[in-house]
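Trainee: I'd like to go through the labels on this one and hear the reasoning behind each. Can we start once the model is up?

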Amino acid sequence: MIILATDVIRTGVSSFSLAEIGTYQVLFQVSVTEAAQLILTLNGADLEYTVAGRATGTSQIIGMAIVETTSVNSILTVRNPAGNASAITITPLAGGTRAVSAHLMITRIM
């Protein structure tokens, strides 16, 4: 059963407000052209245990983490970690002729 609620609200290009104090499962997936990493941040602080990346080749960056909030309206972001290359190119046609998509799923589990 899927229940849609207002616990997660998009607040910007790469930021989301987690309205309730709780535990969230966050899953992200994206095809990129170059070696790259992505990280989750919570209220501006890097969540080091969430770094996912790829060195070379044609694989996707896929990350999954459990994030716990301690205050209402915590801000979660997915971003390129500081100190890495300044830009990441999302690959529009990874592996074929059809456009691919990136995914982000945030689920409140407690």
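**Labels and the reasons for them**

Mentor: Sure, and keep in mind that this is a predicted model. Start with Thr50, whose relative accessible area is 5%.

Trainee: Why is Thr50 called buried?

Mentor: Buried means under 20% relative accessible area. Thr50 comes in at 5%, so it is buried.

Trainee: Where does Thr50 lie?

Mentor: In the loop between strand 5 (45–46) and strand 6 (52–54).

Trainee: What makes the link between Thr50 and Leu47 a polar contact?

Mentor: The cut-off is 3.5 Å for a pair of N or O atoms. The Thr50 side chain reaches the backbone oxygen of Leu47 at 2.6 Å.

Trainee: And which residues does Thr50 contact, leaving aside neighbours within four places in sequence?

Mentor: Phe28, Leu38, Ile39, Leu40 and Ala65. Leu40 is also among the residues with the most contacts inside the largest nonpolar core, which has 19 residues. Strand 2 (15–18), strand 3 (23–31), strand 4 (36–42), strand 7 (60–68) and strand 8 (74–79) each supply at least two residues of that core.

Trainee: Now the open sheet with the order 7-3-9: why do strand 7 and strand 9 (103–108) count as edges?

Mentor: Each has a single partner strand, so one side of each is left without a neighbour in the sheet.

Trainee: How do you know that strand 3 and strand 9 pair?

Mentor: Pairing needs at least two bridges. Here 6 bridges join strand 3 to strand 9, and the two run antiparallel. In strand 9, His103 stands opposite Gln29.

Notes:
Residues numbered from 1 in each chain as written. Predicted model: local features only at pLDDT ≥ 70, side-chain atom pairs only at ≥ 80, totals over all residues. Heavy atoms only, no water. Helix = DSSP H or I, 4+ residues; strand = E, 2+ residues; numbered from the N terminus. Buried < 20%, exposed > 50% of the residue type's maximum accessible area, 1.4 Å probe, protein only. Polar contact = N/O pair within 3.5 Å; in protein donor to acceptor, adjacent residues only side chain to side chain. Contact = heavy atoms within 4.5 Å. Core = buried A, V, L, I, M, F, W, Y, C linked by side-chain atoms within 4.5 Å.
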